[in-house]
Every structure is written in C-alpha cells, then in structure tokens.
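Good morning, and thank you for joining this group meeting. Please look at the chain on the screen while I describe how it is built.

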Amino acid sequence: MSNTPMAANPLTRAVLEIDEYASGLGWDQPARLFALVDTARLRTEEPALATQLGLEVESEAAGLTPIEQDEIPADRPLDEFLGTIAWPDAVAGCALTVERLMLPPSAESQVPQGLSEKKLAAWVAEHPERQEVRMTVAVLRDGARESALRLREKDSPTEVLTGPDLVPGLAEALAATFED
C-alpha cells in the first residue's frame with residue numbers, strides 16, 4: 001500500500017505516487033515515462049493486469065493508475081524523444097519524472113550569454129547555488145496538469161512541492177504527445 005497522502009484529485013494523487021516510487025529508487029536515476037490510465041476502466045478491460053498491479057479491490061471510485069513505460073533512450077535528447085510518442089485511446093494521460101540541476105532566481109543575472117547548451121549545463125553544474133531537483137510532471141488529455149518537485153537536499157515526502165504550473169515547458173512537451 002502506498003504512503004502517498006490523499007490529495008484533492010486523482011491527477012495529484014498519481015503524481016505523488018510516481019514521486020514516491022521514484023524516491024524509493026534513489027537519486028541519480030534516468031528519466032522515467034508513465035502512461036496514466038483510468039483505474040476503473042483498467043479493472044474492466046484488463047482484469048488480469050489489474051490483478052497483477054494489485055488493483056482488484058475498488059479502493060476509490062475515480063483514480064488513475066501510472067504504468068511505467070520502456071526505458072527512455074539515454075543517447076537521445078528528451079524533447080526529441082517525446083516528439084516521437086503517440087498514445088493509444090486507452091491512455092488518459094502521461095507523466096514523466098526527471099532529475100535536473102536548477103539555479104535559484106537570484107542566479108539568473110549571473111548566467112553568461114551565448115553559451116552552447118552543453119557549456120551552459122557545465123556552468124550550472126559548477127555553480128555554488130545549484131540545486132538537484134526531481135520533477136514529476138503529468139498531463140491529461142483534457143488539458144489538466146500537475147507537478148511535484150523534490151529537492152535532493154530536502155528529500156522528504158513532507159517537503160514535496162506540488163502545483164499545476166511548476167514546470168510549464170515540460171508539461172507542454174507532454175501535452176504535445178496527445179496532439180494528432
């Protein structure tokens with residue numbers, strides 16, 4: 001049974017469940033992609049899979065079940081990979097968890113101009129104020145979004161920040177996987 005706290009809606013619960021799962025794997029992990037499926041529909045249409053996932057008991061009326069997808073290729077830029085994804089109709093949404101380095105807003109004025117993406121990444125990696133963050137972002141076909149951010153230095157379930165607009169660029173990229 002998950003230790004994920006009860007959240008206001010199924011999408012937030014799914015994001016927190018994925019964050020908890022990723023947390024259990026530790027840091028320095030590759031990006032992970034998840035399909036989000038309607039739990040009730042999964043029970044009806046795929047009862048054997050629902051049983052395998054421990055979903056045979058109806059614990060909640062409305063919910064989303066994250067199903068981890070195949071490994072994301074490490075040799076390919078994430079945005080390029082996301083551009084190749086198309087989801088079947090049974091998938092209600094998708095989520096991605098990825099680790100990145102980030103800087104506080106106070107460091108924005110220090111960023112050197114004209115650096116290549118590779119040189120900028122190296123500059124951020126050396127910055128004394130850098131923070132390691134795990135981002136879990138989810139979107140639904142209907143446009144709903146949710147995110148969870150966990151800082152490595154505050155690696156605790158009670159320190160996870162959630163909100164629909166925390167990582168807008170990644171949410172846009174995930175939403176594009178549902179466009180025709």
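I shall begin with the chain as a whole and then turn to one of its strands.

Please note that this is a predicted model. The chain contains six helices and six strands. Followed along the sequence, these elements come in the order α-β-α-α-β-α-β-α-β-β-β-α.

Let us consider the overall dimensions. Along the principal axes, the C-alpha atoms occupy a box of roughly 55 × 35 × 25 Å. A compact globule of 180 residues would have a radius of gyration near 16 Å, and the chain has 17 Å, so the two agree.

Of the 180 residues, 37% count as buried. The exposed area of the chain is about 10700 Å², and carbon and sulfur atoms supply 52% of it. As for charge, there are 15 positive and 32 negative charges, and their mean positions lie 4 Å apart.

Contacts tell us about the path of the chain. Among those between residues at least 6 apart in sequence, 65% join residues at least 24 apart.

I now turn to strand 5, which spans residues 145-151. Is this strand mostly covered or mostly uncovered? Strand 5 is mostly covered, with five of its seven residues buried.

Strand 5 pairs with strand 4, residues 131-140, in an antiparallel manner through seven bridges. One of the partnerships is that of Val139 with Arg145 in strand 5. The two strands form a hairpin with four residues between them, and Gly143 in the turn has a positive phi of about 100°.

Strand 5 is also joined to strand 6, residues 161-163, by three bridges, and this pair runs antiparallel. Here Ala148 stands opposite Thr162 of strand 6.

Thank you for your attention.

Terms used: Residues numbered from 1 in each chain as written. Predicted model: local features only at pLDDT ≥ 70, side-chain atom pairs only at ≥ 80, totals over all residues. Heavy atoms only, no water. Rg over C-alpha atoms; globule rule 2.2 N^0.38 Å. Buried < 20%, exposed > 50% of the residue type's maximum accessible area, 1.4 Å probe, protein only. Contact = heavy atoms within 4.5 Å. Areas by Shrake-Rupley, 256 points an atom, 1.4 Å probe, with all protein chains shown as cover. Lys, Arg positive; Asp, Glu negative; His and termini not counted. Charge placed at Lys NZ, Arg CZ, Asp CG, Glu CD. Pairing = 2+ DSSP bridges.
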